[in-house]
Amino acid sequence: MSFRRLAAFIFSVMVWIVVLAAFAMLCIGMYRAYMAEKEMEQKMKTLIFNGSPRPHGDTAYLISRLRQALPGEVKEIRAYAAKVKPCVDCRYCWSHSGCCIPDEMQQIYDDIREADLIVIASPVYFSGLTG
């Protein structure tokens, strides 16, 4: 084997080593991004507002199917079952944090702040959404 052929062979081996190292670095980067995304999915918090009066209706069924597909923590608030009192326009919230009416709405505000994803589920009556 001549010197030129040996040098060309060594050069081609070195090129392949560099290509394989670059490919390995790319794979490691993709793996780290994948694991970070999986970790974020596990920490994701979803809040679902159920606007249906029927606890076992079609909207509840669709929400149950959605819950199976969503990663992370999922919380559902049924609007008809929530103990929320109406606003009396006392303007307490203008100068204070929160509301002067002690009801479940204070917890709902906290849930909204913590949620990464908010879903509003509503039944369809007479070809339109409720509310």
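Asp89 lies in the loop that connects S2 to H3. In this predicted model, the phi angle of Asp89 is near 55 degrees, a positive value in a residue other than glycine. Arg91 is placed in the loop between S2 and H3 as well, and its phi is near 65 degrees, again positive in a residue other than glycine. For comparison, most residues other than glycine have a negative phi. Arg91 has a relative accessibility of 45% and therefore counts as partly exposed, since that class covers values between 20% and 50%.

The strand that precedes this loop, S2, spans residues 73-78 and pairs with strand S1, residues 45-50. The two strands run parallel and are joined by six bridges. Within this pairing, Ile48 of S1 stands opposite Glu76 in S2. Helix H2, residues 58-69, completes a β-α-β unit with S1 and S2, and this unit is right-handed.

Asn50 belongs to strand S1. With a relative accessible area of 1%, Asn50 is buried, because the class requires a value under 20%. The side chain of Asn50 makes a polar contact of 3.0 Å with the side chain of Glu76. Glu76 thus appears twice in the description of the strand pair: as the residue opposite Ile48 and as the side-chain partner of Asn50. Beyond its neighbours within four places in sequence, Asn50 is in contact with Thr59, Ala60 and Ile63, positions that fall within the 58-69 range of helix H2. The contacts of Asn50 also include Glu76, Ile77 and Arg78, which fall within the range 73-78 of S2. Ala79 and Ala121 are further contacts of Asn50.

A second buried polar residue, Asp103, is located in the loop between helix H3 (92-95) and helix H4 (105-114). Asp103 is buried but forms no salt bridge. The nearest side chain of opposite charge is that of Lys85, at 6.5 Å; the pair is therefore not a salt bridge, for which the cut-off is 4 Å. The backbone of Lys85 is nevertheless involved: its nitrogen lies 2.9 Å from a polar atom of the Asp103 side chain. When neighbours within four places in sequence are set aside, the contacts of Asp103 are Lys83, Val84 and Lys85. Lys85 accordingly enters the surroundings of Asp103 in two ways, through its backbone nitrogen and as the nearest side chain of opposite charge.

Definitions and conventions. Residues numbered from 1 in each chain as written. Predicted model: local features only at pLDDT ≥ 70, side-chain atom pairs only at ≥ 80, totals over all residues. Heavy atoms only, no water. Helix = DSSP H or I, 4+ residues; strand = E, 2+ residues; numbered from the N terminus. Buried < 20%, exposed > 50% of the residue type's maximum accessible area, 1.4 Å probe, protein only. Lys, Arg positive; Asp, Glu negative; His and termini not counted. Polar contact = N/O pair within 3.5 Å; in protein donor to acceptor, adjacent residues only side chain to side chain. Contact = heavy atoms within 4.5 Å. Pairing = 2+ DSSP bridges. Right-handed = clockwise from strand over helix to strand, strands pointing away.
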